Amino acid sequence: MTQHDDARTDPDEGLTPLDRWLDEPTRPSGSFFLHVKGEATRGGVSGHALAEWCARMRDEGDRVVLLTVARGEPPEAVVARLASAIEAEIPGFEDRMAPPERRLPELLGRLAKRHLAPPSRRLLLVIARLERLRARDAADNPLARLLPHTPPRGVFLIAGLAEGSAWARWSVGPARVASAPLLVRAAAGDGPLGEGDVSLGSGCSAVDAALAALDRRRQGGGSWAEIWAGALGSVRSPAAGLHEGWVRAALAEACAAAPTASEADRARDLLCAWSAAAPAIVHEPGAQRALLYDRLLDRGWAPGAIAAALDAGEGRPRLARWLPLPNRDRALRVLFGHGSKVMSVGLSEDGETLASGGEDGAVLLWSVRHERVTRALCGHTGAVTSLCFLPRQEGRLASAGEDGRVLLWDLAAGAVVSTLAGHEGGVEAIAVTGDETGLLAATDGGALVLWDLRTGARRWTAAASEVGLTSCALSEDGLVALSGSHDKAVKVWSMIDGSLVRVMDGAPMYSVSGVATAGGVVVASAYDNSLRVGSLADGAALAVLDGHGGWVKGVSLETGGRRALSCSRDKTLRLWRVDGAGGEGEARGAEETCLWGHQAMVNACAIARGGRLAASGAADSSVRLWRLPAAGEGVAPQLGHEGAIRACVFRGNGEVLTASEDSTARLWSTTSGEELRRFAAHLHGVTSLALSGDGARLITGSLDRSIRVWEIEDAEAGPRALYGHTHGVSALALRGDGALLASGSIDGSMKVWRLRSKEGEELRGLGVHEGGVHCCVFDRTGRLISGGQDGMIRVWDPEQGVELMTLAGHEGAVFGLTLTGERLFSAGADGTLRAWDLRRGRARGVLRGHEGAVFGCAVTEEGLLLSAGGDGWLRLWDWEATRCLASNWGASGLRCVTTRAGRALVGDSGGDWWMVGV
């Protein structure tokens, strides 16, 4: 987090908020960096004061490591010194055989597990003078290579960074160290919030203060529309992250201030749009209008209404989308209240109350009907990992946390009525027995504990796993308990004495992350992106559910065990039929629908008793409510690929073509976004496309080593196949006259094919690149240009097989090439775009701005350059002025881009394609 204080005469007073933050009961469990000013200037903290503070904290019992960065010291050297200092401070935990890049995080992990438990033990890592770090170049952020982004429980990092250019450049952006939203305290008056108005906490008090200020403004006559306009105007500088929490709170207040239901819906849409776009806006305020335009478009707004809301006189901003994404937000409600990741959710039996637990230790109670927080419960000192309502004991809720405690709450009073403590490590999951006299707790220390809620005593403890439990569940008859573990097993235990009954069949490849049981079936989620369905009666494996594109984080079962809801790192929830009782097309394991909307990993999900309402919580700090379709109810098809889009091209006639890692190429309408034809014959991912000049023939290259030629208008005719590569095909290019086709392979070779009306003939082979060919293109004179893994760009005479020139400059693979006249542009893994003069065979300049690999580039009709980055950013450049003119953020890494007639077609790693105006 970032802290700015008013000027003080006593420099040590600047550390008082740091004391308050560390002692805050709801502080995050080590997941923030706290930046303090590194100089004893106006309002700053001197190095002497920081050293004295460290000595005081050590006297109070904390383990403290204080390190000062030497001038020009690389981050890697600081990491090595920090590891050595920690090993000297706490001997016995070193591992000299650990690789350098893993030494520090593994050391902190061992300490958190074995030394910093209970969580009252703290290790404070204080690193002063970060501005002295040596950056690789002007665009480099060395903080991203310095410290782990999510330090384990009990580890707190205090980083001193003097204000200035390094502060502004390093402490914001996608690679910024502070990863959670910032909360802003109320300004003294009604004027604009300034840099002095930033609070150190992340608890509910900061939100309450912000909302109190907004309430004063509303009572003063401000409408919800004026609040929205003021929120937009508050983001004007690179330090806009200081205002993010206030904007979110302002829009939440705008929803409440709207005089009619329709205006409340509009205000809610604006809040959802802002919350989804905020991380990117903080990084790049100049992209604000394009980003908000896209999000409102996805929520069904008309272009004119969006332009009016954004006060965009030009209508659609540059690089704003022309079409909604096919997988638009389907949430019934989107709720914001947490200042950090949401780790757990629970729904009351009547579906009227929702509970959510945050990484900051807070539990929020929501009224589902009124979409607002009714009470905040602050008692945990670490992330809240699991929540259970006790319906028989009206007004009771159990919560579990990484602090190793289970708390039983009286919701009416907002007070803890019972505490179950003494667990080995943190509590990862809890389940309450049907008669509500017992509570089962699974710990990351590997113990499964059954508590008696009447007496607060343990009934039994089972050593369930040597590597830690992740989840637990209880059978409906209360006879057995289940546990999921990092040892990949789902185990069944007797509720009488905690003895092992059986181990379920069909273990996944990686750890079990969640387990649920109902109706005689057991469903376990796993980190191998799958779910396993088994029989509770005999442990037999029944089905494997595949479909998620990332870790499956948790699972919840509908009453009766008919359907399961899963949540995943791929930002989606999926609803599955698991009882096998459906009709045709609804056999066990069939996916019924996919729910999109979250902007980050979905950590938890829950289904209400009736099976039609569900809730989810995610790392984007939001809680979403979903209306689930009834069994067998028709669901709109999901548009888009199931794998990353690797190539795209305009066809004309309002159509585009895309190629994907899901083994297909597809033809789409640019007016409706609907799929018109699917080209499915390849056995592995389709990596490249080429389109004939008349748009009649499509050529696809695949990792299955084949090239296929399709007649687009003749859906009945099968494709012609060209074989010759011994490894996967990774690049294609068609000469302007359509007579020659060039193909590149992942083994570094290229082939030139002569295309005829009925067949293709291999003309020659070229062994050109070391490590693989990523891209190739023909220039207007017929020369072939290729870029590869070796960082080289080679120019060839394809007819003779003669290399004409080699262009070297990229510090890594070359992923994209595009031409305009005699100028060639290239995109590389080193994050740069480079221009080359093909006449003289030399470099003309470099553009830097992406944080990570640039996978594609294209030139517009105006001669401007577009770049698509793995960091999710699409950027438009004035090459001559070396200036970025506009940006848009795709929320997932971009893989390809092409232009035509004032528009650009973009494909991303999530399988979506989108079109923007340039």
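Trainee: Why is Arg735 called buried?

Mentor: This is a predicted model, and the value computed from it for Arg735 is a relative accessible area of 17%. Buried means under 20%, so Arg735 is placed in that class.

Trainee: What makes Arg735 and Asp737 a salt bridge?

Mentor: The closest N and O atoms of Asp737 and Arg735 are 3.0 Å apart. The cut-off asks for a side-chain nitrogen of Lys or Arg within 4 Å of a carboxyl oxygen of Asp or Glu, so the pair qualifies as a salt bridge.

Trainee: Is Asp737 classed as buried or exposed?

Mentor: Asp737 has 53% relative accessibility. The exposed class begins over 50%, so Asp737 counts as exposed.

Trainee: How many salt bridges does the rule give?

Mentor: The count comes to 39 salt bridges. One of them joins Arg321 to Asp294.

Trainee: How do you know that Arg321 and Asp294 form a salt bridge?

Mentor: Their closest N and O atoms lie 3.7 Å apart. The limit is 4 Å, so the pair is accepted as a salt bridge.

Trainee: Which parts of the chain does the pair of Arg321 and Asp294 tie together?

Mentor: Asp294 belongs to helix α10 (residues 288-298), while Arg321 is in the loop between α11 (303-309) and β5 (333-336). The pair therefore ties together parts that are 27 residues apart in sequence.

Trainee: Why do Arg321 and Asp294 count as buried?

Mentor: Arg321 has 4% relative accessibility, and Asp294 has 0%. Buried means under 20%, so Arg321 and Asp294 both count as buried.

Trainee: What makes α10 a mostly covered helix?

Mentor: Ten of the eleven residues of α10 are buried. Among them are Ala290, Leu291, Leu292, Tyr293 and Asp294. Just after α10, Gly300 takes a positive phi of about 90°.

Trainee: Why is the positive phi of Leu319 worth pointing out?

Mentor: Most residues other than glycine have a negative phi. Leu319 is not a glycine, yet has a positive phi of about 70°. Leu319 sits in the loop between α11 and β5, and its relative accessible area of 0% makes it buried.

Trainee: Where does Thr882 lie, and what is its phi?

Mentor: Thr882 is in the loop between β55 (873-878) and β56 (883-889). Its phi is positive, about 45°, although Thr882 is not a glycine. At 53% relative accessibility, Thr882 is over the 50% mark and therefore counts as exposed.

Trainee: What makes Arg754 and Glu799 a salt bridge?

Mentor: Their side chains meet at 3.7 Å, N to O, and the limit is 4 Å. Arg754 lies in strand β43 (residues 749-755) and Glu799 in the loop between β47 (792-797) and β48 (802-808), so the pair links parts that are 45 residues apart in sequence.

Trainee: Why are Arg754 and Glu799 called partly exposed?

Mentor: The relative accessible area is 30% for Arg754 and 29% for Glu799. Buried ends at 20% and exposed starts over 50%, so Arg754 and Glu799 are partly exposed. Elsewhere, salt bridges that share partners join Glu558, Arg562, Arg563, Arg577 and Glu592 into one network.

Trainee: How many disulfides does the structure hold?

Mentor: The structure holds zero disulfides. Cys472 is in none, and the nearest cysteine sulfur, that of Cys388, is 7.7 Å away. Cys472 counts as buried, at 7% relative accessibility.

Trainee: Why is there no bond between Cys567 and Cys605?

Mentor: The sulfur of Cys567 is 3.8 Å from that of Cys605, its closest cysteine sulfur. A disulfide needs the sulfur atoms within 2.5 Å, so this pair is too far apart for a bond. Cys567 is buried, with a relative accessible area of 0%.

Trainee: Which residues gather in a patch of negative charge on the surface?

Mentor: The patch is formed by Asp694, Glu711, Asp714 and Glu716. Glu711 is found in strand β39 (residues 706-711).

Trainee: What makes Glu711 accessible enough for the patch?

Mentor: Glu711 is partly exposed, with a relative accessible area of 34%. Patch members need over 30%, so Glu711 meets that cut-off.

Note on methods
Residues numbered from 1 in each chain as written. Predicted model: local features only at pLDDT ≥ 70, side-chain atom pairs only at ≥ 80, totals over all residues. Heavy atoms only, no water. Patch = residues over 30% accessible without salt bridge, like charges linked within 9 Å, V, L, I, M, F, W, Y side chains within 5 Å. Areas by Shrake-Rupley, 256 points an atom, 1.4 Å probe, with all protein chains shown as cover. Lys, Arg positive; Asp, Glu negative; His and termini not counted. Charge placed at Lys NZ, Arg CZ, Asp CG, Glu CD. Helix = DSSP H or I, 4+ residues; strand = E, 2+ residues; numbered from the N terminus. Buried < 20%, exposed > 50% of the residue type's maximum accessible area, 1.4 Å probe, protein only.
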